[in-house]
Structure formats: C-alpha cells, structure tokens
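Hi,

Here is the structure I promised to pass on. Have a look at it first, and then read on for my notes.

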Amino acid sequence: MSSEYWNNVYKTKSEKEVSWFQETPATSLKLIEDLKLSQECSIIDIGGGESRLVDELLDQHYKDITVLDISEVSLEKVKLRLKNKSKGVKLVSSDVIKFTPSQQFDLWHDRAAFHFLTDINDIRKYVQLASASVKTGGFIIISTFSKTGPDKCSGLPISKYSHDELIELFSTHFKNINYLSETHETPWSSKQDFVYCTFQKIDHTIF
Ligand SMILES: C[S@@+](CC[C@H](N)C(=O)[O-])C[C@H]1O[C@@H](n2cnc3c(N)ncnc32)[C@H](O)[C@@H]1O
C-alpha cells in the first residue's frame, strides 16, 4: 500500500483513534527485556508509526534507535512528541521492501507492519531483508494478527499467521527462542488476537 494511504491515516486520525494504539507497548518491552541487550546495541522498529516503543527505549537509555515507516507523517508526529530527544533517533521514511539499511542491527522489531504484506514475493523479500539486516546472534521480534485475529487492519487486507507459520517462514536464518499469543484491546474495546515470535539469527559458519 502506498505512503499516501498511510499519510492520510496519520493526518486524519489522532494517536488514540487507531485500532493498534497502545499506551505502553508492554509485550514488546518484556520480550526485549528478556534479550538482555546492552544499551549500546542497535534497534530498529519496522513500521513503528506513532508507537511509543521508541520513547520507552530512550527512557531505558538505548543509544542507537531507528524507527522506519512508510509514512513520513507518522515520523513527523514522533519527532514532535519526542522533542529534543528525537535528535538521537534515526527516523527513516521508506517502504520496508525498498529499504537499504546502512548498518546491521542487533534487534529488528515489527509489530503489525509485516502482516500487511500479502504478496508472497514481498513476504520473501522482507524475510531476506531482515536476514541480511540483522547481525549474526542478533534478534527479530515479529508480531502479527493470529489465525483468530481480524481479516483486515486499518481497512486493508492482511496475512494472518500461526506461531508455526512464522517459525517456518524465518527458519532458514533464524531459530525461534520465544513465542506467545496476546489479545490486544483497541481504544474502543474490541479484541484483536496477535502472535509474537522472537528469533535469533543463526551463525551458519558453525555448522
Ligand atoms: C498497524 S500500524 C502499527 C504501528 C506500530 N508498529 C504500532 O505497533 O503501534 C502499521 C504501521 O506500518 C506502516 N507500514 C505499512 N506498510 C509498510 C511498509 N510496506 N513499509 C513500512 N511501513 C509500513 C504503517 O504506516 C503503520 O505505521
């Protein structure tokens, strides 16, 4: 979907008027905490939108944070919200499929962006990009609607996954180290079932 579509979402809706809003991204934070990363590590939030994950990571003194989103409007809103603190954050406006990172990351986090890819070629490109963009020994946390989740997100068709399907999809370069299910409550109290998977990039040279 185009950047215009997403820019229009962020121009016309406030933070709490979108179904995916979280006051605190508690599950992502817990999964990140479990990884016991150093504060020097590099973290990218893919399709971060207006998520407050970046605020929390800054509060925890992480020093190398990138937020990527197809919508520059969402990133502008993050910049305004973070005020001075935004100087330490790399805000990248790009379709993830066309993203050419200038560094490798210790952690790639994606809540509810990957599931907008419905074309198998785009899905494969994303998996390849994530594999190339994460350091060996580094991590990916992916969260999507589960099989019992909604058929659409923000009015768009999405791909729904089970834990096993995500594990299979990323299995060439990653081993699964954690997974869980979560029911997200939207600001208008409807329920959305999510899956979360944490993966670690395998060092192929040791095999
Ligand atoms: C459902 S929202 C989730 C936002 C955020 N991750 C959160 O949890 O609050 C999906 C986000 O993915 C972004 N997005 C959708 N398709 C994308 C793409 N192909 N590349 C980069 N970002 C994309 C949208 O602009 C939007 O901010």
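To start with a small puzzle: is Asn 178 buried, partly exposed or exposed? With a relative accessibility of 28%, Asn 178 counts as partly exposed, because the buried class stops under 20% and the exposed class begins over 50%. Before I go further, please keep in mind that this is a predicted model.

Asn 178 sits in strand β8. If you skip the neighbours within four places in sequence, Asn 178 is in contact with Leu 31, Asp 34, Tyr 196, Cys 197 and Thr 198. One of those partners, Leu 31, belongs to helix α2 and is buried there. I also checked a distance from this residue: the C-alpha atoms of Asn 178 and Ala 112 are separated by 18 Å, with the two positions 66 residues apart along the chain.

Strand β8 also holds Thr 183. This residue is partly exposed as well, since its relative accessibility is 46%. Leaving out residues up to four places away in sequence, Thr 183 touches Lys 191, Gln 192 and Asp 193. Measuring tape out, so to speak: from Thr 183 to Trp 6 the C-alpha to C-alpha separation is 24 Å, and in sequence the two are 177 residues apart.

Now the overall picture.

The protein chain contains six helices and nine strands. Its C-alpha trace spans about 50 × 40 × 30 Å along the principal axes. For 207 residues, a compact globule would have a radius of gyration near 17 Å, so the 16 Å of this chain agrees with that. Half-and-half is a fair way to put the burial: 50% of the 207 residues count as buried. Take the contacts between residues at least 6 apart in sequence, and 70% of them join residues at least 24 apart.

On the surface side, the accessible area comes to about 10200 Å², and carbon and sulfur atoms account for 51% of it. As for charges, there are 25 positive and 29 negative ones, and their mean positions lie 3 Å apart.

The aromatics are worth opening in your viewer. How many aromatic pairs are there by the ring-centre rule? The count comes to 13. In one of them, Trp 6 and Phe 116 meet edge-to-face, at 5.0 Å centre to centre and with 75 degrees between the planes. That pair links distant parts of the chain: Trp 6 is in helix α1 (residues 3-12), while Phe 116 is in the loop between β4 (105-111) and α5 (120-133), 110 residues apart. Trp 6 counts as buried because its relative accessibility is 9%.

Another edge-to-face pair is Trp 108 with Tyr 126, at 5.7 Å centre to centre and 85 degrees between the planes. Here the link runs from strand β4, home of Trp 108, to helix α5, home of Tyr 126, and the two are 18 residues apart. Both partners are buried: Trp 108 has a relative accessible area of 0%, and Tyr 126 has 1%. They also belong to one aromatic cluster, together with Phe 114, Tyr 161, Phe 170, Phe 174 and Phe 199.

Next, helix α2, which covers residues 26-34. Its buried residues are Thr 27, Ser 28, Leu 29, Leu 31 and Ile 32. In an α-helix there are 3.6 residues a turn, so residues three or four places apart point the same way. The cover over the buried residues of α2 includes α3 (53-59), β4, β5 (134-145), β8 (174-185) and β9 (191-201).

Finally, some backbone angles to check. Lys 36 follows α2 and has a positive phi, near 50 degrees. Lys 83 is another residue other than glycine with a positive phi, also near 50 degrees. Where is Lys 83 placed? It is in the loop between α4 (72-82) and β3 (89-93), and at 63% relative accessibility Lys 83 counts as exposed. Ala 112, again not a glycine, has a positive phi of about 65 degrees. Ala 112 lies in the loop between β4 and α5, and it counts as buried because its relative accessibility is 11%.

Shout if anything looks odd on your side.

Cheers

How values were computed:
Residues are numbered from 1 along each chain as its sequence is written. This is a predicted model: local features need pLDDT of at least 70, side-chain atom pairs count only at pLDDT 80 or more; totals for chains, interfaces and linings use all residues. Side-chain values use heavy atoms; hydrogens and water are left out. Rings of Phe, Tyr and Trp (its six-membered ring) pair if their centres lie within 6.5 Å; planes under 30 degrees apart count as stacked, over 60 as edge-to-face and the rest as tilted. Helices (H or I, at least four residues) and strands (E, at least two) are DSSP runs, numbered from the N terminus. Buried means under 20% relative accessible area, exposed over 50%, partly exposed in between (1.4 Å probe, protein chains only). The radius of gyration is taken over C-alpha atoms; the globule rule is 2.2 Å times the number of residues to the power 0.38. Contact means heavy atoms within 4.5 Å. Accessible areas come from the Shrake-Rupley method with a 1.4 Å probe; for residues, only the protein chains shown count as cover. Lys and Arg count as positive and Asp and Glu as negative; His and the chain ends are not counted. The place of a charge is taken as NZ of Lys, CZ of Arg, CG of Asp or CD of Glu.
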